[in-house]
Amino acid sequence: MFQQHQNQVRFLDLASVNSRYSEDLKLIAAEIIESGWYLLGEQNNLLQTDLSAYLKSPNVVLCANGLDALRLILRGYIELGHMKAGDEVIVPANTYIASILAITDNGLVPVLVEPDLATNNLDISKVERALTPRTRAIMPVHLYGRICYSDELDRIAKANKLKVIEDNAQAFGAVWQGRRSGTLGDAAGFSFYPGKNLGALGDAGAVATNDEELASVVRSIANYGSSKKYYNDYQGLNSRMDELQAGFLRIKLKHIDAENEQRRNVAKAFSTGITNSCIALPEHPTPETEHVWHLYVVRCERRDALQTHLKNNGVETLIHYPVPPHRQRAYSQMSHMTFPLTERLSDEVLSLPISPVISQRDIQLVIEAVNSFR
Ligand SMILES: *Cc1c(COP(=O)(O)O)cnc(C)c1O
């Protein structure tokens with residue numbers, strides 16, 4: 001039993017991730033507790049400024065979680081008259097369900113487009129075919145931490161007057177052509193869910209946009225649709241970030257570049273060390289700053305057998321994601337659709353443990369366990 005525990009490689013050890021900063025986290029928590037001010041206060045203001053500076057984005061609006069960030073952007077565009085119920089948003093078919101939920105929650109229609117198997121991201125060469133007179137936006141998702149953007153995407157959006165809304169939940173800190181993910185399109189949703197690269201100690205999210213008008217509508221909708229207390233311009237939501245989470249995130253933001261670099265090193269070690277021919281490894285982009293390795297996802301035709309083998313060798317893995325959105329009961333209206341690449345991915349993908357705190361020994365254990373699969 002002891003031996004078993006010793007050799008266990010956990011998928012993600014959040015306590016270890018955060019304990020490196022526990023002194024600073026406790027200090028800021030104490031300061032906020034004693035301040036008596038728990039929402040929309042100094043920490044929110046400071047984090048907004050810090051994020052604006054880090055991203056080089058003129059407008060950052062904090063909110064309660066990543067799903068709300070995307071909901072708020074779409075809702076903002078509806079309020080501003082850029083789109084209305086029944087309009088279409090292009091989105092990768094293999095994304096996490098939240099991207100799709102944000103679209104349908106606003107009465108908009110998700111138009112699913114297959115991913116590119118080399119990147120696991122939206123296949124931009126298939127976007128034009130999916131356009132209709134009702135298309136209003138494209139939502140590229142930087143899935144697993146890898147940038148999904150190109151000059152071609154930019155061209156398609158501009159030529160068709162489409163908004164580009166990045167789902168940047170998984171790629172905080174990634175860089176494309178010198179710009180941070182979340183500043184490439186018109187607006188971006190961020191998630192600070194604890195397991196994300198920049199993770200809070202609870203739920204939190206943000207919107208970044210170069211559109212001042214959108215930012216001000218989003219800020220209002222996130223606070224009951226009100227910008228002046230007790231006067232409501234929109235039928236808004238309650239989607240604010242706690243001062244505690246804002247304080248924690250300010251501390252963790254200082255370390256995000258170092259953490260992302262640690263993730264890149266783990267990814268490099270896996271990609272050099274894993275030599276099993278049954279397993280397809282993720283491609284590394286150049287430059288490498290285009291990827292922050294939120295997840296290290298391999299593919300294997302006998303994925304379930306591989307997962308069992310790894311479990312028997314003490315390596316915990318997860319599947320992102322086992323059921324694509326169009327095959328979920330929640331979206332039975334899409335169940336007649338087929339997306340062969342997306343469906344194949346859901347049968348073949350497996351996420352290996354990756355984090356800024358995984359030890360060299362655990363990295364070796366993962367590599368040996370994967371290489372010994374037959
Ligand atoms: C996590 C995630 C979200 C939603 O973020 P929450 O903070 O959990 O609401 C949205 N899109 C993607 C791709 C995600 O991974």
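Okay, before anything else, one cut-off: I call a residue buried under 20% relative accessible area, exposed over 50%, and partly exposed in between. By that scale Tyr 38, with a relative accessible area of 45%, is partly exposed. And a reminder that what you have on screen is a predicted model.

So let's stay with Tyr 38 for a moment. This residue sits in the loop between helix 3, residues 22-35, and helix 4, residues 42-55. Which residues join Tyr 38 in a nonpolar patch on the surface? They are Ile 33, Leu 39, Leu 40 and Leu 244, and together the five have about 440 Å² of accessible area.

Leu 40 is worth a second look. Like Tyr 38, Leu 40 is in the loop between helix 3 and helix 4. At 44% relative accessibility, Leu 40 counts as partly exposed. What about the backbone there? Phi of Leu 40 is near 45°, so a positive value, and this isn't a glycine. For context, most residues other than glycine have a negative phi, and most peptide bonds are trans.

There's another one of these at Lys 56, where phi is positive at about 55°, again not a glycine. Lys 56 lies in the loop between helix 4 and strand 1, which is 59-63. With 74% relative accessibility, Lys 56 counts as exposed.

While we're on the backbone, let me do the cis peptide bonds. The bond from Thr 286 to Pro 287 is cis, with omega near -5°. You'll find Pro 287 in the loop between strand 12 and strand 13. The bond from His 320 to Tyr 321 is cis as well, with omega near 10°. Tyr 321 is in the loop between helix 11, residues 303-312, and helix 12, residues 340-348.

Right, helix packing. Two packed helices are described by the angle between their axes and the distance between the axes. Take helix 3 and helix 9, the latter being residues 243-253. Their axes come within 9 Å and cross at roughly 150°. Parallel or antiparallel, then? Angles over 145 degrees count as roughly antiparallel, and helix 3 and helix 9 are therefore roughly antiparallel to each other. The crossing is right-handed.

On to charges. How many salt bridges are there? The count comes to 20. I'll walk through a few.

Start with Arg 71 and Asp 68, whose side chains meet in a salt bridge at 2.7 Å, N to O. Why are these two about one helical turn apart? Because they are 3 residues apart in helix 5, residues 66-79. Asp 68 is buried, with a relative accessible area of 7%.

Next is Lys 158 with Asp 154, where the closest N and O atoms are 3.0 Å apart. They're 4 residues apart in helix 7, residues 151-159, so again the separation is about one helical turn. Lys 158 counts as exposed at 61% relative accessibility, whereas Asp 154 is partly exposed, with a relative accessible area of 24%.

Then there's Lys 268 and Glu 288, a salt bridge at 3.6 Å, N to O. This pair links distant parts of the chain: Lys 268 is in helix 10, residues 256-273, and Glu 288 is in the loop between strand 12, 279-280, and strand 13, 296-300, 20 residues apart. Lys 268 is partly exposed at a relative accessible area of 35%, and Glu 288 also counts as partly exposed, at 38%. Going back to the earlier pair, salt bridges that share partners join Asp 68, Arg 71 and Asp 105 into one network.

Last topic, a couple of pairs that are separated in sequence. Gln 262 is in helix 10 and is partly exposed, with a relative accessible area of 31%. How far apart are Gln 262 and Trp 293 in sequence and in space? In sequence, 31 residues; in space, 9.6 Å from C-alpha to C-alpha.

The other pair is Ile 147 and Gly 182. Ile 147 lies in the loop between strand 4, 135-138, and helix 7. Buried or exposed? Ile 147 has 7% relative accessibility, so Ile 147 counts as buried. Ile 147 and Gly 182 are 35 residues apart along the chain, and their C-alpha atoms are separated by 9.8 Å.

Okay, that's my tour. Over to you.

Technical notes:
Residues numbered from 1 in each chain as written. Predicted model: local features only at pLDDT ≥ 70, side-chain atom pairs only at ≥ 80, totals over all residues. Heavy atoms only, no water. Patch = residues over 30% accessible without salt bridge, like charges linked within 9 Å, V, L, I, M, F, W, Y side chains within 5 Å. Areas by Shrake-Rupley, 256 points an atom, 1.4 Å probe, with all protein chains shown as cover. Salt bridge = Lys/Arg side-chain N within 4 Å of Asp/Glu carboxyl O. Buried < 20%, exposed > 50% of the residue type's maximum accessible area, 1.4 Å probe, protein only. Axes fitted to C-alpha atoms, helices over the stretch in contact; angles between N-to-C directions. Parallel < 35°, antiparallel > 145°, perpendicular 65-115°, else oblique. Left-handed = near helix turned anticlockwise from the far one by under 90°.
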